[in-house]
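Please work through the exercises below with the sequence and the three-dimensional structure at hand. Attempt each task before reading its solution.

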Amino acid sequence: PNLELDISIPLRFKVDVRAILRKKRDWIKKKCVEMANSVKMFDGKRVLYRGAYHRLVTVRSTRRKVRVWNGKIALPICDGTGLKQALKQWMRSETEKLVRGRLASHSRRYRLSANGFSVRDTKKWAYCTKTGDLVFNWQIAGLPLDLADYVILHEMIHLKEFNHSRRFKYELASVCPDFKEKEAMLKRFVAE
């Protein structure tokens, strides 16, 4: 988190650490720049929602209505529910709504349809199964809308072309000409 590099080597391991650092210097610098420029979805006090940080405000309530206004999100916490759990449930719900709407729109426009979709706790932003099901990370609602839309489109193109071949990139470029810029922007966002 503080961009410090820790090096651990076995006690009796004979190695020139400085030589390794010199050899890997460019890679280390690149990774430090990536980490310094990364955007975290949740930093403990704020959450990224539709591409903008919102301050989390918790309210004790039995009602589950979440309020979003002026850069704040009022998140009701019921007895026994922690902040992270409540946030995750709400973000999952927001992601489901977003994906459902965009899939319907894109399905009509591009004549592609998935067998179904789910929102899960995944390491990737999304993936397509061989059976034509689409799986999306629960934090997609935190991304800027154009990037969330790109992730959805990317996976829909996998319904046509299952791999990342030249043909896949051609199909993707036909619906999203700036897909390379979108991919680069997406790498800045770090899912929890």
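The exercises that follow treat sheets, aromatic pairs, charges over rings and nonpolar cores.

The model is predicted: local features need pLDDT of at least 70, side-chain atom pairs count only at pLDDT 80 or more, and totals for chains, interfaces and linings use all residues. Residues are numbered from 1 along each chain as its sequence is written, and side-chain values use heavy atoms, with hydrogens and water left out.

**Exercise 1. The four-stranded sheet**

Task: Determine in which order the four strands form an open sheet, and which strands are the edge strands.

Solution. Begin with the terms. Helices (H or I, at least four residues) and strands (E, at least two) are DSSP runs, numbered from the N terminus. Two strands pair if DSSP finds at least two bridges between them.

Step 1. The order of the four strands is 2-3-5-4, in an open sheet with mixed pairing. Its edges are strand 2 (46-49) and strand 4 (67-69), each of which pairs on one side only. From one strand to the next the twist averages 35°; axes are lines fitted to C-alpha atoms, for helices over the stretch in contact, and angles run from 0 to 180 degrees between N-to-C directions.

Step 2. Take the pairs in turn. Strands 2 and 3 are antiparallel, with four bridges, and tyrosine 49 stands opposite alanine 52 of strand 3. Strands 3 and 5 are parallel, with six bridges; here valine 59 has proline 76 in strand 5 as its bridge partner. Strands 4 and 5 are antiparallel, with three bridges, and valine 68 stands opposite isoleucine 73 of strand 5.

Step 3. Inspect the hairpin of strand 4 and strand 5. Two residues lie between the strands, and asparagine 70 takes a positive phi near 40°.

**Exercise 2. One residue in the sheet**

Task: Decide whether valine 57 is buried or partly exposed.

Solution. Buried means under 20% relative accessible area, exposed over 50%, and partly exposed in between (1.4 Å probe, protein chains only).

Step 1. Locate the residue: valine 57 belongs to strand 3 (residues 52-60).

Step 2. Apply the cut-offs. The relative accessibility of valine 57 is 24%, so this residue counts as partly exposed. In strand 5, by comparison, five of the six residues are buried.

Step 3. List the contacts (heavy atoms within 4.5 Å). Leaving aside residues up to four places away in sequence, valine 57 touches Lys72, Ile73, Ala74 and Leu75.

**Exercise 3. Aromatic pairs**

Task: Classify the two aromatic pairs that the structure holds.

Solution. A pair of aromatic rings is described by the distance of the centres and the angle of the planes. Rings of Phe, Tyr and Trp (its six-membered ring) pair if their centres lie within 6.5 Å; planes under 30 degrees apart count as stacked, over 60 as edge-to-face and the rest as tilted.

Step 1. Tyrosine 49 and tryptophan 90 are 4.9 Å apart centre to centre with 45° between the planes, and the pair is tilted. Tyrosine 49 is in strand 2 and tryptophan 90 in helix 2, so the pair ties together parts 41 residues apart in sequence. Both tyrosine 49 and tryptophan 90 are buried.

Step 2. For phenylalanine 117 and phenylalanine 136, the centres are 6.3 Å apart and the planes lie at 70°, so this pair is edge-to-face. Phenylalanine 117 is in strand 6 (residues 116-120) and phenylalanine 136 in strand 8, 19 residues apart.

Step 3. Compare the burial. Phenylalanine 117 has a relative accessible area of 26% and is partly exposed, whereas phenylalanine 136, at 0% relative accessibility, counts as buried.

**Exercise 4. Charges over rings**

Task: Identify the ring over which the charged end of arginine 46 sits.

Solution. The criterion is NZ of Lys or CZ of Arg within 6 Å of the ring centre and within 35 degrees of the ring normal.

Step 1. The charged end of arginine 46 sits over the ring of tyrosine 53, 3.9 Å from its centre.

Step 2. A further case is arginine 67, which lies over the face of tryptophan 69 at 4.2 Å from the ring centre.

**Exercise 5. The nonpolar cores**

Task: State how many residues the largest nonpolar core has, and which element gives the most to this core.

Solution. A nonpolar core is a set of buried Ala, Val, Leu, Ile, Met, Phe, Trp, Tyr and Cys residues joined through side-chain atoms within 4.5 Å.

Step 1. The largest core has 29 residues, and Trp125, Phe136, Ile140, Leu143, Val151 and Phe189 have the most contacts inside it.

Step 2. Helix 3 gives the most to this core, namely eight residues.

Step 3. Another core, of 15 residues, lies apart from it and includes Val47, Val66, Ile73 and Ala141.
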